[in-house]
Amino acid sequence: MFSFAQKSLWQLPPNSGPPIPQQELVDEEVCPNYNSAAFYPAKPGEVLAKKFQLLVKIGWGSQSTVWLARDISRLKCQSENTVALKIINSSNADDARHEKAIETHITQQHPGHRGCVILRTCLDDFEVTGPEGTHVCLVYEPMREPLWILQRRFVDCKIPLPIAKAYIYFLLVGLDYLHSECKVVHTDLKLGNILMSFENEHILTDFIKRPQPMQFKVDNESGRTVYRCHNDFGALDGREIKNMVPKIADFGLATRLDRPSTRFGMVAEQLGIYPIQPDYYRAPEVILGCGWDFKADIWNFGVLLWNILGNQELFQQVHNTNGQYDAKSHLAEMIALLGPPPGVLLAKSKTMSEHNWPQPVMNDTGALCNNAQEFFGGPFFSAENKFRYNELIPSRRLKDTTPFLEENDREAFLSFVRDMLTWLPEKRKTARELMNHPFLKLGG
């Protein structure tokens with residue numbers, strides 16, 4: 001009979017790096033509306049749920065911290081198991097349960113689909129009690145790093161084109177499963193939500209064996225120790241980079257379109273109506289309040305390709321001088337690159353603006369808004385469908401935005417992205433159709 005391994009069998013590495021000056025903001029402290037008390041006061045060596053021993057902080061966000069942890073419930077005969085724990089803030093328990101529900105739905109739809117493994121979903125969940133209440137903890141497979149960190153490992157922060165094409169193909173396979181089988185829209189596709197797997201299992205093992213001292217400071221108000229994230233798993237093994245696979249992560253803002261949802265609201269045509277997406281990647285139908293579906297992810301992915309291939313943003317005037325999102329300026333740049341929007345889209349926008357959302361939403365300026373026109377500062381077009389801000393339209397052309405590609409690759413790439421970046425969502429190709437585009441062929 002085998003006994004359970006005890007935490008005393010391991011010698012934890014020292015995790016008390018040099019202290020951080022009190023005035024310096026660390027990780028989650030830089031987030032707007034930061035509230036230290038809402039974060040769980042995690043410490044290295046702590047055991048959660050009598051099962052997971054925290055090792056080192058490897059990630060953070062406005063609503064959580066992420067820790068590498070060792071599963072101490074294994075039998076002595078079993079190999080060691082390491083997980084990533086996402087510890088959600090006490091004030092975001094409902095959001096965490098939404099995330100868990102979406103990810104459970106994703107794993108259960110068609111586990112045999114090849115795209116299922118491209119979506120990083122939680123393996124388990126539990127709750128812990130902190131000073132300010134309950135914290136939901138989601139258990140995940142550990143990943144090496146987000147795509148933006150991987151880029152830094154290459155010359156000029158650019159992933160070689162053949163490798164990037166393979167990653168794009170994998171991500172489209174994942175989106176195909178997400179959209180066609182799960183009826184889920186991610187709504188938040190960005191480099192930070194694309195995580196890379198380890199090139200081999202020894203990288204993680206060696207990382208755990210090495211001392212991982214974390215710098216720290218103590219929050220004056222809550223008394224919580226704030227640790228600096230330590231997520232550098234070392235240099236890439238270039239011989240095994242072919243084994244790295246990108247995975248789409250973080251479904252906290254995702255929504256299902258196969259049933260009515262109280263989270264984002266639905267209309268009869270099974271469209272989402274509330275604002276979604278990061279500023280740089282926001283689709284025109286979202287800004288214009290036309291209702292959105294899976295094709296909003298396709299637009300988002302198309303814009304993201306400039307980040308993946310060229311380490312740059314396609315749209316360069318989406319914020320005003322105060323750093324706030326500027327929808328009229330963003331639309332002006334869309335017009336420069338794609339031409340004016342079709343009348344049918346503007347007609348739908350006008351019709352939808354006459355109806356208020358079921359619940360008002362606060363925008364970046366703190367105003368409570370009843371529809372997309374109020375939220376984004378419209379109307380943007382006159383009764384004759386003329387853009388009201390022609391002076392904001394830059395002298396840019398889509399074909400001039402790809403200096404990071406060799407000339408013989410540019411036409412194929414532009415053909416590829418034009419299948420995603422269209423004003424009308426129904427004109428955009430699906431993820432499955434995009435997988436067959438000649439640009440993704442390694443010899444193309």
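Both Glu28 and Lys57 are buried, a term that stands for under 20% relative accessible area, with exposed meaning over 50% and partly exposed lying in between (1.4 Å probe, protein chains only). This is a predicted model, in which local features need pLDDT of at least 70 and side-chain atom pairs count only at pLDDT 80 or more, while totals for chains, interfaces and linings use all residues. Residues are numbered from 1 along each chain as its sequence is written, and side-chain values use heavy atoms, with hydrogens and water left out.

The side chains of Glu28 and Lys57 form a salt bridge, defined as a side-chain nitrogen of Lys or Arg within 4 Å of a carboxyl oxygen of Asp or Glu. Glu28 sits in the loop between β1 (16-19) and β2, and Lys57 in strand β3; helices (H or I, at least four residues) and strands (E, at least two) are DSSP runs, numbered from the N terminus. The count by this rule is 24 salt bridges, and three of the pairs are tabulated here.

| Pair | N to O distance | Separation in sequence |
|---|---|---|
| Glu28 and Lys57 | 2.7 Å | 29 residues |
| Asp176 and Arg432 | 3.2 Å | 256 residues |
| Glu285 and Arg428 | 2.8 Å | 143 residues |

Asp176, in helix α3 (residues 161-181), is buried at 7% relative accessibility, whereas its partner Arg432 is partly exposed at 44%. Glu285 is buried with a relative accessible area of 1%, and Arg428 is likewise buried, at 2%.

Arg120, in the loop between α1 (93-109) and β6 (124-130), is buried yet has no salt bridge, the nearest side chain of opposite charge being Glu141 at 5.6 Å; here Lys and Arg count as positive and Asp and Glu as negative, with His and the chain ends not counted. A polar atom of the Arg120 side chain does, however, lie 2.7 Å from the backbone oxygen of Glu141.

An open sheet of 6 strands runs in the order β2-β3-β4-β5-β7-β6 with antiparallel pairing, where two strands pair if DSSP finds at least two bridges between them. Because β2 (47-48) and β6 stand at the edges with a single partner strand each, one side of each has no neighbour in the sheet. Strands β4 (residues 64-71) and β5 (residues 82-88) pair over 7 bridges, and Trp67 has Leu85 in β5 as its bridge partner. Helix α1 packs on the sheet, touching β5, β6 and β7 (133-140), contact meaning heavy atoms within 4.5 Å.

How values were computed: Polar contact = N/O pair within 3.5 Å; in protein donor to acceptor, adjacent residues only side chain to side chain. Axes fitted to C-alpha atoms, helices over the stretch in contact; angles between N-to-C directions.
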